[in-house]
Amino acid sequence: MVNFDLSQVGATFRKKDKEALNSAVEPEEEDVDASEFEDDEVMPQKVKNRRPREDTFTQQRIAAVNPVMTPKTVLPLYLIVAAVFVIVGGCLLAIATRTDEMTIYYQDCATAAPTDKFSDMPDSHYNYEFHKNKTFDVAPQWRFVDDKNDDSEERGTCQIRFPVPEDIKKTVYINYVLDKFAANHRRYVLSFSEDQLVGKDASYSTIHDTAGINCKPLARHSNGKLYYPCGLIANAMFNDTFPMELINLNDTSNNYPLTNKGINWDSDKNRFKKTHYNYTQIAPPPYWEKQFPDGYNETNVPNIQEWEEFQNWMRPAAFHKSSKLIRRNSNDTLKAGEYQINIGLHWPVTGFNGKKGIYITHGSSIGGKNTFLGIVYLIGGCICVAMALVLFAAWFMSGRKVADANSLSWNQRRG
């Protein structure tokens, strides 16, 4: 009979279990990574983190105000806005109604005005607005003085005599008015050269082939010279001549002086510069030939940096009816009386059935006489008052209590 030593057998099994456990725990040999053979100087690529910054703005934790709009807060708001609108509208309307002005049209002076004496102008040719004398309606008079040496469509001088019923306080502005002249046509508005306006001696390709704004319709004369200034806007410049004084018919020794300085924005002098062209390189636009019959020379090339009438014209009007400042007097009040203005006729309007005239005013803190803005503010204020009344009536007649939990929809269904 064989005797087994159980203790020796147990020790043998424990030894084998320990060896098996060690072999299971021992890590396997890792595969050789290819990066180990790369250059040690190559840095691993940094992974971009798209997580927003941890602050109140990016995590949308900024404090917010969420007001609860109730009739008690909305009604005063409507009334405050209405009061502001009514006050502002009333002030604007009061300023506009105290602005005096007069407009006189003379587009048909060469054909309708007499040549031997002064006669009254038709009622459709003038309009007066004097706040202290609203019934004033004395027709101005005109006379046409022909120029026998000129065979142009527009020629001669239109002499206009007009009454001033009350003093027009300084500053007095004299504008020319154009009606039915579509200066907002796209091709017209884009027809100029900015390079020429800033004084550069731009080449033909620059003023003709530049995309968008260019002088394609009027860039170069048939003799090869470049038009200066080129384009449709400059070519169509208003050129009726206005005098430097109004003749005082009551006392010719006390005429009213005028000036063409300060009629444009001072900032425009930064845009318009004296040209670097030589006079042999350029020619006046077609409609300027009457003013420059022999072309340009060493002394008559226009300096557009100082020519404020030209600067005004190069800012096209947005509507078919517009007015532009051409003379002013900032020092003297235009006294009541009768005055005469002599206007040289050069700018035709019969081709497009247009109208031209003079517009005299003293202006105001909001510009010329225009009641539209004041009326709009008053209408806005009235609308706000009406909305407040409607809201108050609805709240008074059928409104519920504010913060009444019983009026909530789920509480109503539960009941």
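The exercises below work through a predicted model, each with a solution that goes step by step.

## Exercise 1: The open sheet

Find the order of the strands in the open sheet of six strands, and say which strands lie at its edges.

**Solution.** Begin with the order of the six strands, which is 2-4-5-12-8-9, with antiparallel pairing. Next, look at the two ends of this order: strand 2 (119-120) and strand 9 (256-257) are the edge strands, since each of them pairs on one side only.

Then follow the pairings inward. Strand 4 (residues 141-145) and strand 5 (residues 157-164) run antiparallel and are joined by five bridges, and within this pairing Phe 144 has Cys 158 of strand 5 as its bridge partner. Strand 5 also pairs with strand 12, again in the antiparallel sense, over eight bridges. Finally, strand 8 (residues 245-248) runs antiparallel to strand 12, and two bridges join them.

## Exercise 2: A strand with two partners

Decide whether strand 12 (residues 337-344) is largely enclosed or not enclosed by the rest of the structure, and find which residues pair with Tyr 339.

**Solution.** The first step is to count buried residues, where buried means under 20% relative accessible area. Six of the eight residues of strand 12 pass this test, so the strand is largely enclosed by the rest of the structure.

The second step is to look at Tyr 339 from both sides. Phe 162 stands opposite Tyr 339 in strand 12, while Asn 248 has Tyr 339 as its bridge partner there.

## Exercise 3: The surroundings of Val 164

Work out whether Val 164 is buried or exposed, and which residues it contacts beyond its neighbours within four places in sequence.

**Solution.** Start by placing the residue: Val 164 lies in strand 5. Its relative accessible area is 3%, and because buried means under 20%, Val 164 counts as buried.

Now turn to the contacts. Once the neighbours within four places in sequence are set aside, Val 164 is in contact with Leu 334, Lys 335, Ala 336, Gly 337 and Tyr 339. For the last of these, compare sequence with space: Val 164 and Tyr 339 are 175 residues apart in sequence, but their C-alpha atoms are 7.6 Å apart.

## Exercise 4: Strand 13 and its neighbours

Identify the strands that pair with strand 13 (residues 355-361), and name the residues that stand opposite Tyr 359.

**Solution.** Take strand 1 (residues 101-105) to begin with: five bridges join it to strand 13, and the two run antiparallel. Here Thr 103 stands opposite Tyr 359. Next comes strand 6 (residues 172-179), which pairs with strand 13 in the antiparallel sense over seven bridges, and in this pairing Asn 175 stands opposite Tyr 359.

As a last step, consider burial: six of the seven residues of strand 13 are buried, so this strand is largely enclosed by the rest of the structure.

## Exercise 5: Helix 9

Compare the span of helix 9 (residues 372-398) with the expected span, and find what its buried residues pack against.

**Solution.** Helix 9 has 27 residues, and from its first C-alpha to its last it reaches 39 Å, which is close to the 39 Å expected at 1.5 Å a residue. Then list the buried residues, which include Gly 374, Gly 380, Gly 381, Cys 384 and Ala 388. The buried residues of this helix pack against helix 2 (71-97).

## Exercise 6: Pocket, cavity and Trp 313

Describe the largest pocket and the largest cavity, and then show where Trp 313 appears.

**Solution.** The largest pocket has a volume of about 760 Å³. It is lined by 34 residues, of which Met 237, Phe 238, Asn 239, Tyr 287 and Trp 347 are the closest to its centre. Strand 11 gives the most to this lining, with three residues.

The structure holds one cavity of 30 Å³ or more, and the largest cavity contains about 80 Å³ of space. Among the residues that line it are Tyr 176, Leu 178, Phe 181, Tyr 188, Trp 313 and Lys 324. Strand 6 and strand 11 are the elements that give two or more residues to this lining.

To finish, trace Trp 313. Beyond residues up to four places away in sequence, it touches Tyr 176, Leu 178, Phe 181, Tyr 188 and Lys 324, among others. Trp 313 is also one of the residues that touch the most other members of the largest nonpolar core, which has 66 residues.

Note on methods. Residues are numbered from 1 along each chain as its sequence is written. This is a predicted model: local features need pLDDT of at least 70, side-chain atom pairs count only at pLDDT 80 or more; totals for chains, interfaces and linings use all residues. Side-chain values use heavy atoms; hydrogens and water are left out. Two strands pair if DSSP finds at least two bridges between them. Helices (H or I, at least four residues) and strands (E, at least two) are DSSP runs, numbered from the N terminus. A nonpolar core is a set of buried Ala, Val, Leu, Ile, Met, Phe, Trp, Tyr and Cys residues joined through side-chain atoms within 4.5 Å. Buried means under 20% relative accessible area, exposed over 50%, partly exposed in between (1.4 Å probe, protein chains only). Contact means heavy atoms within 4.5 Å. The expected span of a helix is 1.5 Å times one less than its number of residues. On a 1 Å grid over the protein atoms alone, a cavity is a set of points where a 1.4 Å probe fits but cannot get out, and a pocket is an open set with protein on both sides within 12 Å along at least five of seven lines; lining residues have an atom within 4 Å of a point. Grid points are joined across faces, edges and corners, and a volume is the space filled by probe spheres set on the points.
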